[in-house]
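Student: I would like a close look at one part of this model, the largest pocket, and at the strands around it. Please take me through it in one go.

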Amino acid sequence: IIMVKKLVYFSISFLMFACFISPHALTIAAPACSVSGTVTEISGAPVSGATMTLKCTTLKFSSNRTTGIDGKYEYLNLQPAGKYVMTVNKQGYRRARIVFGLIDGENKVIDIKLKKKTQSTNEAPVVNAGPDQTITLPDSVVLNGIVSDDGLPEGSTLTVTWSKVSGPGTVTFADPQSPGTTASFTEAGTYELHLSASDSVLSSSDKVIIAVNPAPQKPTVGLN
């Protein structure tokens, strides 16, 4: 009887403790990410002393770095959430802009080329929609694109948009303005998605093909 009472007391105490635990305390953090690379001139010579600013509006995150004598930079312990925007500034060079997303545990490498201010010709953004992928319903696909730009025209805003070009069903993007986002599909089939970018004057795009397999059929149980 004493052992039963102790067991009941322990069970009630555990349940009371569990009720007071915040749900947030049980949340498992996503694996941290990193971004690194090298800043160079168009010729390939490293650019030291460039100021890097990395922002994520979703996390209200902002952090600065300065490139070393070899032009290298590194950001560690980043969270895979929302759209990241990186700007690179160095006296005598045009500002560079890079927009990207991160997936769990990714170590992304982004090498950046800076144009000297004497090189004033505006060029279209460079867009990479990421690799082709295959998924099975009802899974979503993780899109991992990246967009870079030469910072021209002065004062312009770099805009990014995902869109469906072809495919049998409806595609829903979690954040169509972020190169790194997820997309869900209503039907199986082959889809062509485009990641487009514009600097307000020039634009460019890249495509990615997503093969969506139908959901596995549930086994039927026969009655004898």
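Tutor: By residue class, the lining of the largest pocket splits into ten nonpolar, seven charged and two polar residues. Keep in mind that this is a predicted model. The pocket encloses about 370 Å³ of space. Its lining is made up of 19 residues, and those closest to the centre are Lys113, Val126, Ser148, Asp149 and Asp150. Four strands each give two or more residues to this lining: S6 (96-100), S8 (112-114), S9 and S12 (146-149). Of these, S12 contributes the most, with four residues.

Next, the sheet. S6, S12 and S9 belong to an open, antiparallel sheet of six strands, ordered S3-S2-S5-S6-S12-S9. S9 (126-128) and S3 (61-66) are the edge strands; each has a single partner strand, so one side of each has no neighbour in the sheet. On average, neighbouring strands here are turned by 15° against each other, direction ignored. Strands of a sheet pair through backbone hydrogen bonds, in either a parallel or an antiparallel sense. One pair within this sheet is S2 (residues 51-56) with S5 (residues 84-89), which run antiparallel and are joined over six bridges. In that pair, Thr53 has Thr87 of S5 as its bridge partner.

From the edge strand S3, the chain can be followed into a loop. Thr67 sits in the loop between S3 and strand S4 (72-78). Its relative accessibility is 5%, and because buried means under 20%, Thr67 counts as buried. The side chain of Thr67 has polar contacts with backbone atoms of two residues. A polar atom of this side chain lies 2.9 Å from the backbone oxygen of Val47, and the side chain also reaches the backbone nitrogen of Gly49 at 3.0 Å.

For comparison, here is the second largest pocket. Its volume is about 150 Å³. It is lined by 14 residues, with Pro80, Leu102, Gly180, Thr181 and Thr182 nearest its centre. Strands S11 (141-144) and S15 (180-185) each supply at least two residues of that lining. By class, the lining of the second largest pocket holds six nonpolar residues, seven polar and one charged.

To return to your pocket: the charged residues in the lining of the largest pocket number seven, and Lys113, Asp149 and Asp150 are among the residues closest to its centre.

Technical notes
Residues are numbered from 1 along each chain as its sequence is written. This is a predicted model: local features need pLDDT of at least 70, side-chain atom pairs count only at pLDDT 80 or more; totals for chains, interfaces and linings use all residues. Side-chain values use heavy atoms; hydrogens and water are left out. Two strands pair if DSSP finds at least two bridges between them. Axes are lines fitted to C-alpha atoms, for helices over the stretch in contact, and angles run from 0 to 180 degrees between N-to-C directions. On a 1 Å grid over the protein atoms alone, a cavity is a set of points where a 1.4 Å probe fits but cannot get out, and a pocket is an open set with protein on both sides within 12 Å along at least five of seven lines; lining residues have an atom within 4 Å of a point. Grid points are joined across faces, edges and corners, and a volume is the space filled by probe spheres set on the points. Ala, Val, Leu, Ile, Met, Phe, Trp, Tyr, Cys and Pro count as nonpolar, Asp, Glu, Lys and Arg as charged, and the others, Gly among them, as polar. Buried means under 20% relative accessible area, exposed over 50%, partly exposed in between (1.4 Å probe, protein chains only). A polar contact is a pair of N or O atoms within 3.5 Å; within protein, one must be able to donate a hydrogen and the other to accept it, and residues adjacent in sequence count only if both atoms are side-chain atoms.
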